[in-house]
Amino acid sequence: MSAPSPSGSAAAESNFSLWKVVTLSGESTNVFWEIWLSILLWMLISYALVHLVAGALSILMLRRHSWMPFLTVPFFAMFFVGPATFGAVTSASIALTFTTASIPVTCLICALLGITQTASVLVVSFSRLLATL
């Protein structure tokens, strides 16, 4: 049993670490912040991989073009903008859903949810759905 905190209630201890989330060795949790960070981290990893590959491919294909440095900037800008906006909001809504339902979530589920978020961005981007609205 843990020692009471100064406010008189028992303090809950957490074994959460981002390294355990990345290596998929963490325990299941139903704490909002831990779920949110885990999903956001996996979305960031998969999103970074996709955008680094796209940026490297654009540099390779445009290596002789005089405007190549300016044309590849959007790939690397979206590397930061996507997870900071879309990723943070959708990860928070997913985490809130699991927390409200009191469903414990494992690191593997967080990884699948984060990768699914990146895949959904790719599907919407390649389908040109937003251009028709």
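Reader: Which pattern does the protein follow when it is read along the sequence?

Author: The model is predicted, and its secondary structure comes to 5 helices and 0 strands. Read along the sequence, the protein therefore has a pattern written with helix symbols alone, helices being DSSP runs numbered from the N terminus, and that pattern is α-α-α-α-α.

Reader: How far apart are the end C-alpha atoms of helix α4, and what span should its residues give?

Author: Helix α4 covers residues 73-100, which makes 28 residues. Because each residue should add 1.5 Å, the expected span is 40 Å, and this agrees with the separation of the end C-alpha atoms, which is 40 Å.

Reader: Where is the kink in α4 centred?

Author: The helix α4 contains a kink of about 40 degrees. Among the buried residues of α4 are P83, G87 and A88, and the residue on which the kink is centred is G87.

Reader: Which helices do the buried residues of α4 pack against?

Author: The buried residues of α4 are F79, G82, P83, G87, A88, S91 and A95, where buried means under 20% relative accessible area. These residues pack against two helices, namely α2 (32-61) and α5 (107-127).

Reader: What percentage of contacts between residues at least 6 apart in sequence join residues at least 24 apart?

Author: Buried residues make up 26% of the 133 residues in the protein. Among contacts between residues at least 6 apart in sequence, the share that joins residues at least 24 apart is 68%.

Reader: What phi does S102 take, just after α4?

Author: Helix α4 takes in residues 73-100, and S102 lies just after α4. The phi of S102 is positive, at about 55 degrees.

Key
Residues are numbered from 1 along each chain as its sequence is written. This is a predicted model: local features need pLDDT of at least 70, side-chain atom pairs count only at pLDDT 80 or more; totals for chains, interfaces and linings use all residues. Side-chain values use heavy atoms; hydrogens and water are left out. Helices (H or I, at least four residues) and strands (E, at least two) are DSSP runs, numbered from the N terminus. Buried means under 20% relative accessible area, exposed over 50%, partly exposed in between (1.4 Å probe, protein chains only). Contact means heavy atoms within 4.5 Å. The expected span of a helix is 1.5 Å times one less than its number of residues. The bend at a residue is the angle between axes fitted to the seven residues ending there and the seven starting there.
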